[in-house]
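Reader: I'm new to this one and would like some help reading it. Could you take me through a few features, step by step?

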Amino acid sequence: MDETIEGRRSVLRRLPRGIWALGFVSLLMDVSSEMIHALLPVYLVTVLGTSMVTVGFIEGIAEATAAITKIFSGALSDRLGKRKALAAFGYGLAAFTKPVFPLAPTVGWLIGARFVDRVGKGIRGAPRDALVADLSSPDTRGAAFGLRQSLDTVGAFVGPLLAIVLMWATANSFHAVFWWSVVPGFMALGLILFAVHEPERPETLRRVRNPLAVVELRRLGRAYWMVVAVSAVFTLARFSEAFLVLRAQNVGVPIALVPAVMVVMNIVYAAAATPAGMVSDRLGRSGILFFGFGMLIVADVVLALVPSLPGLAMGVAAWGLHMGLTQGLLTTLVADTVPPELRGTAFGAFNFVSGLAMLAASIIAGALWDGVGPAGTFLAGAAFAAVAMVGLLVVRANQRGKAA
């Protein structure tokens, strides 16, 4: 046991400082964003008097914008041969929109701020992931992506918890919480500007004039597009975590305690992501991914067939475990399978397809929830996960065939 722990510490010590810095950049920006996003729907409805339709419109436009932007920012980073500047610009946009939320006099200002914030997320996503791949060596790449994913997820549950504490401390002052969110946002920007140093581009690396040209997209290779396809099917299985919250309400969890579902899920997620990446560096990606896909099936079946508080707890924990075992590794597989000069384009296309699949998954899940009930939604998710497992076996066979 002690040798295992020491081995993990050794791997983490070998990771470049830039990887750690990017992880804490993600953590701080997630804290900042989630402090706002945890309260924004309630603020829009109760303070500004907007309708739920408007809330849905704002969120839909924001997420669609982020997904589309990722393609072009990733491709641009390949054309320029530089990642950090684009990633920093994306984080800068997000940081500078934060003061707009407490100052916004109308819904229109909030829509604009949310839009620019998501544009920033879209701009930074693909270049940042490509930068993680550029900074890490092949034998520590899984650990690098796992660490960044873990720290990002820590921010995802620390942000809402801080929002809850600050709402209590300020007698439910939305504006005070929004102002506090500005601090970690600018800390994230400062960290990427001064603590992350982009590696020199190898002189032998091919220059890419038009990364989105058909000939360049073909260079990404069959293995990459198979990973994208499997990930898209798997994303249909892991629809929005909002349905976990709805299931909690459905089985009788008091409204005040419903946010605990997301806290538990993200704690398990954060705890699992880094070890999963480390193990994948030693034993390979596909086995860990296969187990992660299986954990989603377990989570879905439990949430569908055990409508009780113990069933909810087991299902949410299994859901968090599957996220920790899969999300960082799918990203790592992208880096493993594409040429270094096209990593930005690859991550952009991967994230775009995943975003579309998530939109479709949430629509399908909602329709099943209304038409069949919660059990139908989760059992359909289990079925999609089973199909993705079959696809993963095909990817694994293809990789072994190439190795042979």
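Reader: Let's start with the rings. How many aromatic pairs does a search of the whole structure find?

Author: Keep in mind that this is a predicted model. A search through the whole structure turns up seven aromatic pairs. Take Phe 174 and Phe 178: their ring centres sit 6.5 Å apart and their planes make an angle of 50°, so this pair is tilted.

Reader: Where do Phe 174 and Phe 178 lie?

Author: Both belong to helix H9, which covers residues 174-195. Phe 174 and Phe 178 are four residues apart, about one turn of the helix.

Reader: Are Phe 174 and Phe 178 buried or exposed?

Author: To call a residue buried, look for a relative accessible area under 20%. Phe 174 has 13%, so it is buried. Phe 178 has 0% relative accessibility, so it counts as buried too.

Reader: Which residues form one aromatic cluster?

Author: Phe 174 and Phe 178 are joined by Phe 101 in one cluster.

Reader: And what about Phe 174 and Phe 178 in H9, before we move on: how far apart are they along the helix?

Author: Four residues, or about one turn. For another kind of pair, look at Trp 369 and Phe 378: the ring centres are 6.3 Å apart with the planes at 65°, and since planes over 60 degrees apart count as edge-to-face, that is the label here. Trp 369 and Phe 378 are both buried.

Reader: Now the helices. At what angle do H11 and H14 pack?

Author: For two helices, check the angle between their axes and then the distance. Helix H11 (residues 222-237) packs with helix H14 (residues 285-305) at about 20°, and the axes are 11 Å apart. An angle under 35 degrees counts as roughly parallel, and H11 and H14 are therefore roughly parallel to each other. Their crossing is left-handed.

Reader: Which residues meet there?

Author: On the H11 side you'll find Val 230, Phe 234 and Ala 237, and they meet Phe 293, Leu 296 and Asp 300 of H14. Sorted by class, this contact has five nonpolar residues, one charged and no polar ones.

Reader: One last spot: is Ala 386 buried or partly exposed?

Author: Ala 386 has a relative accessible area of 34%, so it is partly exposed. You'll find Ala 386 in helix H17, residues 374-403. Try comparing sequence and space here as well: Ala 386 and Val 302 are 84 residues apart in sequence and 15 Å apart in space, C-alpha to C-alpha.

Note on methods: Residues numbered from 1 in each chain as written. Predicted model: local features only at pLDDT ≥ 70, side-chain atom pairs only at ≥ 80, totals over all residues. Heavy atoms only, no water. Axes fitted to C-alpha atoms, helices over the stretch in contact; angles between N-to-C directions. Parallel < 35°, antiparallel > 145°, perpendicular 65-115°, else oblique. Left-handed = near helix turned anticlockwise from the far one by under 90°. Contact = heavy atoms within 4.5 Å. Nonpolar A, V, L, I, M, F, W, Y, C, P; charged D, E, K, R; others polar. Phe/Tyr/Trp six-rings, centres within 6.5 Å; stacked < 30°, edge-to-face > 60°. Buried < 20%, exposed > 50% of the residue type's maximum accessible area, 1.4 Å probe, protein only.
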